[in-house]
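Please open the model in your viewer and keep the selection panel at hand. We will take a short walk through it together.

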Amino acid sequence: MSLHELSLRELGEGLRAKKFSSRELTQHYLGRIGRHDPALNSYITVTADRALAQADAADARLAAGQGSALTGIPLAQKDIFCTSGVRTSCGSKMLDKFIAPYDATIVRKLDGAGMVMLGKANMDEFAMGSSNETSFYGPVKNPWDVERVPGGSSGGSVAAVAAGLAPVATATDTGGSIRQPAALTNLTGIKPTYGRVSRYGMIAFASSLDQAGVVARSAEDAAVVLQAMSGFDPLDSTSVERPVDDYVGALGASIRGLRIGLPKEYFAEGLDPGARACIEAAVKVFEGLGASVREVSLPNAPLSVPTYYVVAPAEASSNLARFDGVRYGHRAEGVHTLEELYKRSRGEGFGAEVQRRIMIGTYVLSHGYYDAYYLKAQKVRRLIYDDFRRAFGEVDLILGPTAQSVAIKLGDKSDDPVAMYLNDIYTIAANLAGIPAMSLPAGFHQDLPIGLQLMGNFFDEGRMLNAAHQYQQATDFHKRWPKGFA
Amino acid sequence: MSLSPEQVKQVAHLARLSLPPEKVEPYARQLSNILEMVGQLSGAATDGVQPMAHPLDMVQRLRPDAVSEENRRDAFQAIAPAVENGLYLVPKVIE
Amino acid sequence: MSSTTWEAVIGLEVHCQLMTKSKIFSGAATAYGAEPNTQADGVTLGFPGVLPVLNGDALRMAVTFGLAVGAEVAERCVFARKHYFYPDLPKGYQISQFELPIVGKGKLDIELDDGHGGVIHKTIGITRAHMEEDAGKSLHENYSDATGIDLNRAGTPLIEIVSEPDIRTAQEAVAYLKKLHQLVVYLGICDGNMQEGSFRCDANVSVRRKGEPFGTRTETKNVNSFRYVEKAIEFEIDRQIREIESGGEIIQETRLFNPDTGETKSMRVKENSNDYRYFPDPDLLPIVCTPEYIADIRGKLPELPEAKRARFEKDYGLSAYDARTLTSSRELAAYYEAVVKASGAEAKLCANWVATDLLGALNKIGKDIDTSPISSDALAGMLKRIVDKTISGKIAKEVFEAMLAGEGDADTIIKAKGLVQITDESAIVKAIEDVIAKNPGQLAEYRSGKDKLFGFFVGQAMKATQGKANPDVLNRLLKEKLAG
């Protein structure tokens, strides 16, 4: 087996047994990036020198018998996380030259654990997109079919992991940006409970929805990294002061008696029959593992897309007001007035999708419209949240599709914002409610991956990962490789 | 709900986005489509529902009043578009 | 006012910087006068990804203020973002409070001169007070074609105190401001330094004919001394009346006070509608003040000026005037009480010395009570010598001047200058007899009924003892001798 086919556990064991060094492992990945990434465009910045220095430091720690389960293992960081000394672009021309003088908390934690950052992964501009076509650095291609999108906004993270250009990657999820691309590239991606992972140093899109997580090749890999990323951070007021459960330790437990709910709204029209077949087959697997399955209802789920497209743009329009060309970021040349400086810097620095969302958000917050849009959306958000509260009174996990179908072709929907927004129909509700959710491989339709979504109650990441891991013990979809990248 | 070109210009101004004339109409159309989709919300029964600003039922944590940040002006200003004598420069502001 | 039929309606918005060491949402320092942008961390600068965490002392100070003006402190309040683009506002929004402020309705009692030596009491309502972050500074002077931005001040905690439109004259406005200023300094939540911008005022002014509804108001900014507030409001009232009387209309606008001309001037219309797009800040969670938290702060409130003044009148038997003077600042009141305690002298005597002699002297040399060259112990030491009759009140003035000049403590000075009072009756009798012998004419007049000459003999006898004779003894003995 090649190094890039090994699980994180196997990589850790190999490093500690000195079968290979972190430097060798890192060079292996850097080599693959050099060979394969031109076809995928999954990295915005490759940090080879920094990676090798980190690898050497990891090797020294390992040689001294120190380090954690992750020491010496490479990863890709989504380019939304600030990395001191390395450009953090957020996929935008606005931040093309932005180098933060600080690290995001998760960067600090994963660096501290001894992980080796290979580079910064491509993404939709400011995480706004479902196809990774809005990046200033060009679209990312899906390793399963390079004519197709990898999903978004964490398109670079998933493409890199799916193609073996990183063993694991960080990602963020505001309305499905971890789960939907994971589904479209045959990966396991988890968005934990809001507040579980620090948002400090993660460039904000919609603060009350944004949550960092992981995309990996298995639930087990995801569990290890999520464990290391999670935890209380005094620098983030929305970080939860609560110990992190032992996700890895819980993986092996039996799921006999686990109560799984299928929300009927997630199986209504719009779900592609090919995807439906995969999900139904997966339900059978869970039943075979001893889980009990019943129907539940999330009656307000159909309102999650309109709710999201008020709340998220409103917060985004505010969060992106700081990009004004004064202290950092793109600044238009030859401007003579302050207003010109603002308008041109922002007009030039932001792409079309970002500008659309800023304008929608500005509009829904403006005088005379606030109640009809923003306040109304906040109320419906409560209804969506209450739906989950009720459902979790009856079941332990909720299971449904992650996306309506397989990955679309590049350019298919990029001119039609509303059609693109509807891609997120199954994933958004979890962000609005703040609950943890994940996607895992559930088979193939027309040779393209289909993802299955699990949603859990608040802080039930452990139970969710356990169910996903048990499912992956009974299936091998997650072990398949896209042709040409094995 | 649809947005007129005038409204689009007004919103772009509020958001400080330059808006080339040829983009006003397409934006008006796209934004109107989005608002139409969002308009579904008006049908939801929300009487007596508390607005939800945040998924967490937590209260604000307080930080002790202590100076923990040292002066890192050089690091912050290394990427600034225009600085002089430690000041950020912008075009003359007339009051 | 040009006509008695007009009435002004004034409301004040005061921005009061809280005396925390670090900023409201980050650990950057708040000291005044640092080199530009050296107290601006990532949060202050609005860098991407960084997040605000509330300074506990800023909250405590805001609650302290609320309790001191008898206001309801919100059990639950939230921060909201107020959006506008300006280079001294790094994030494009100011974190402030909108719908749910920390402090609700309260009030402040003010006193005004009635013009005949008396006072008129009036209560000014406080609508609300909310927490927010200060903005940075735009420096227009240094460059001809650019403005420099210093963000050191950005993120300094403020409370904005909004009054009801209860104020009717510029004098009332000043009385309210002075009272508010005294209060926040008393509470130890603001240093009150108006020159450094720690306490700033915007004035909302409108005029109406008496009995009519409120007129359109203007907001005058940048009035940062008590005197300017008075001038700016007076100018604005006159301007509005003139405008209306000449057939014009008042436009709702923001105006800027120019201290050089004493006039207000319309600021360039910033935006046709100031659409601030307030919404709850999703980076910050609701602030909950439990009854225990509020009770704890209430228990630690210092004695407020009103209560202290009443106590001074009652316990020390001071006049209202002296009590007000001596409680004008916490430090002065503490000084006075220390003097009373350490000297054992009569409270009224202490009050005279502190309120009149000491304050007068400090004023002359441009110092305040904190930097007084005479400590409360030193002044008490001198008063002790008056009490035990070592020196007379008259001699004490000389001792005081010497203490002020740094010549040492009272005892040292009394000894060095030989100022000890003469109480030896034989010495005084001798002086009296000398004086009587030298002035037979006056003696005859006195004895024939010209009582007023008694003062003449006192003066002469005092002169003969270089002012050191004990006045009581001298009076008694002189009366005896003159009676013959």
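The tour begins with one whole chain and then moves to a small sheet in another.

Bear in mind as you look around that this is a predicted model.

**Stop 1: select chain A.** Colour chain A by secondary structure, and you should find 16 helices and 11 strands. Line the view up with the principal axes: the C-alpha atoms of chain A fill a box of roughly 65 × 50 × 45 Å. How does the radius of gyration of chain A fit that of a compact globule? For 486 residues, such a globule would come to near 23 Å, and chain A has 21 Å, so the two agree.

**Stop 2: colour chain A by burial.** Of the 486 residues in chain A, 69% are buried. Now display contacts between residues at least 6 apart in sequence: in chain A, 76% of these join residues at least 24 apart. Switch on the surface, and about 14,000 Å² of chain A is exposed, with 50% of that supplied by carbon and sulfur atoms.

**Stop 3: show the charged side chains of chain A.** You will have 50 positive and 52 negative side chains on screen. The centres of these two sets lie 2 Å apart.

**Stop 4: move to chain C.** Which strands make up the open sheet here, and in what order? There are three, in the order β5-β4-β15 (chain C), and the pairing is antiparallel. Select residues 93-96 and 279-280 of chain C for the edge strands β5 and β15, each of which pairs on one side only.

**Stop 5: zoom in on β4.** Select residues 80-83 of chain C: this strand, β4, pairs with β15(C) in the antiparallel sense over two bridges. Finish by picking C:A80, whose bridge partner in β15(C) is C:P280.

Terms used: Residues are numbered from 1 along each chain as its sequence is written. Chains are lettered from A and ligands numbered from 1 in the order in which they are written. This is a predicted model: local features need pLDDT of at least 70, side-chain atom pairs count only at pLDDT 80 or more; totals for chains, interfaces and linings use all residues. Side-chain values use heavy atoms; hydrogens and water are left out. Helices (H or I, at least four residues) and strands (E, at least two) are DSSP runs, numbered from the N terminus. The radius of gyration is taken over C-alpha atoms; the globule rule is 2.2 Å times the number of residues to the power 0.38. Buried means under 20% relative accessible area, exposed over 50%, partly exposed in between (1.4 Å probe, protein chains only). Contact means heavy atoms within 4.5 Å. Accessible areas come from the Shrake-Rupley method with a 1.4 Å probe; for residues, only the protein chains shown count as cover. Lys and Arg count as positive and Asp and Glu as negative; His and the chain ends are not counted. The place of a charge is taken as NZ of Lys, CZ of Arg, CG of Asp or CD of Glu. Two strands pair if DSSP finds at least two bridges between them.
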